[in-house]
Amino acid sequence: MFRYVRWMALLSSLTAAPVMAATALQCVPYARVVSGVDIYGDALTWWDQAQDHYKRGNRPKKGAVLAFRPVGPMTLGHVAVVSRILDDRRVLIRHANWSSPGAIEEDVLAIDVSDAGDWSQVRVWHSPTGQMGARTNPTFGFIYPAKAKLHPFTPDPALGSSLRYASAAVETGDGEEGAEVAPLPRAATRMARVQTHAMVATVSPKPAAPRRKAAPRIEADPFIIEYADNSPSDRSLGDVIADVKRESLMN
């Protein structure tokens with residue numbers, strides 16, 4: 001009976017998604033403020049709108065907007081801002097409304113998993129579970145602002161409610177704060193998790209610089225996490241409804 005009630009709660013949250021989207025911070029206004037790329041409209045339209053206004057390409061640059069194609073439950077696409085380049089296949093990004101509605105994630109890992117190494121397919125860090133998202137996300141490419149500058153984002157109720165995930169700020173030794181990541185191995189990537197849900201590797205043994213106070217850690221029910229935006233999208237709403245009916249008959 002308990003599992004049945006939880007299934008019904010999940011279905012209720014799925015049907016209420018359009019209402020939630022209207023009250024939570026979206027990825028578009030966040031990316032527009034942080035990058036300075038002055039484009040409006042759904043994320044899936046940014047790539048075409050950028051033509052003749054901004055340079056575009058398939059190589060990451062600091063401050064560039066990575067435009068995602070629609071896929072699975074992400075029907076309107078997505079946009080994120082590159083905050084730091086780690087190597088040819090890894091960057092840190094800042095974006096909103098990805099791992100949970102309205103949540104801001106700063107300086108989290110995105111990995112190029114395309115065969116051609118052109119950033120046409122990426123995987124992105126999923127903060128609630130503290131690991132890389134299982135889904136491969138197709139992208140259009142990068143939109144480059146006139147000036148490669150990261151602008152601060154101040155939460156604004158007019159843009160929707162938001163909650164900032166904690167991120168790991170590690171002193172890199174070059175005067176910048178960011179995540180220090182080891183070179184990517186050929187066979188597999190060995191990654192360490194920190195309690196604040198950001199992706200880092202071994203930190204230099206020198207005395208650690210004072211760290212910023214961590215933002216609140218968001219707890220989430222693992223049962224619900226599999227339906228988050230960055231999780232596999234091979235289950236349809238019809239599949240979920242069928243499971244509900246089947247379990248109700250069994251109980």
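This is a short walk through the strands, ring pairs, charged pairs and one loop residue of a predicted model.

Let me begin with the strands, since much of what follows hangs on them. Strand 2 and strand 3, the latter covering residues 78-87, run antiparallel to each other and are paired over four bridges, and within this part of the structure Leu66 stands opposite Ala80 of strand 3. Strand 3 then pairs with strand 4, again in the antiparallel sense, over five bridges, and the two are joined by a hairpin that passes through two residues. If you would like a position to look for on the screen, Val81 has Arg94 in strand 4 as its bridge partner.

Those two residues come up again when we turn to Leu150, which sits in the loop between strand 8 (137-144) and strand 9 (163-164). Which residues does Leu150 touch, leaving aside those up to four places away in sequence? The contacts are Val34, Lys62, Gly63, Val81, Val82, Ser83 and Arg94. For Gly63, which is 87 residues from Leu150 along the chain, the C-alpha atoms of the two are separated by 5.7 Å.

Now to the aromatic residues, where the count comes to four pairs. The rings of Trp47 and Phe140 have centres 6.2 Å apart and planes at 15°, and because planes under 30 degrees apart count as stacked, this pair is a stacked one. Trp47 belongs to helix 4 (residues 46-50) and Phe140 to strand 8, so the pair ties together parts that lie 93 residues apart in sequence. Trp47 is buried, at a relative accessible area of 15%, whereas Phe140, at 24%, counts as partly exposed. Phe68 and Trp98 make another pair, with ring centres 5.4 Å apart and planes at 50°, so this one is tilted. Here Phe68 comes from strand 2 (residues 65-68) and Trp98 from the loop between strand 4 (90-96) and strand 5 (103-112), so parts 30 residues apart in sequence are tied together, and both of these residues are buried.

Rings also appear beneath charged groups. Arg32 lies over the face of Tyr40, 3.8 Å from the ring centre, and the charged end of Lys61 is placed over the ring of Tyr144, at 4.7 Å from its centre.

That brings me to the salt bridges, of which the count is four. Arg90 and Asp87 meet through their side chains at 2.8 Å, N to O; Arg90 counts as buried at 2% relative accessibility, while Asp87 is partly exposed at 22%. Arg89 and Asp112 form a salt bridge at 3.2 Å, N to O, and this pair links distant parts of the chain, with Arg89 in the loop between strand 3 and strand 4 and Asp112 in strand 5, 23 residues apart. Of these two, Arg89 is partly exposed at 27% and Asp112 is buried at 3%. Glu106 forms a salt bridge with Arg164, the closest N and O atoms being 2.6 Å apart, and it links strand 5 to strand 9 across 58 residues. Glu106 counts as buried at 16%, and Arg164 as partly exposed at 23%.

Finally, a word on backbone angles. Asp107, also placed in strand 5, has a positive phi of about 60° although it is not a glycine, and it is buried, with a relative accessible area of 11%. Asn97, likewise not a glycine, has a positive phi of about 60°, and Asn97 is found in the loop between strand 4 and strand 5.

Terms used. Residues numbered from 1 in each chain as written. Predicted model: local features only at pLDDT ≥ 70, side-chain atom pairs only at ≥ 80, totals over all residues. Heavy atoms only, no water. Contact = heavy atoms within 4.5 Å. Phe/Tyr/Trp six-rings, centres within 6.5 Å; stacked < 30°, edge-to-face > 60°. Buried < 20%, exposed > 50% of the residue type's maximum accessible area, 1.4 Å probe, protein only. Lys NZ or Arg CZ within 6 Å of the ring centre and 35° of its normal. Pairing = 2+ DSSP bridges.
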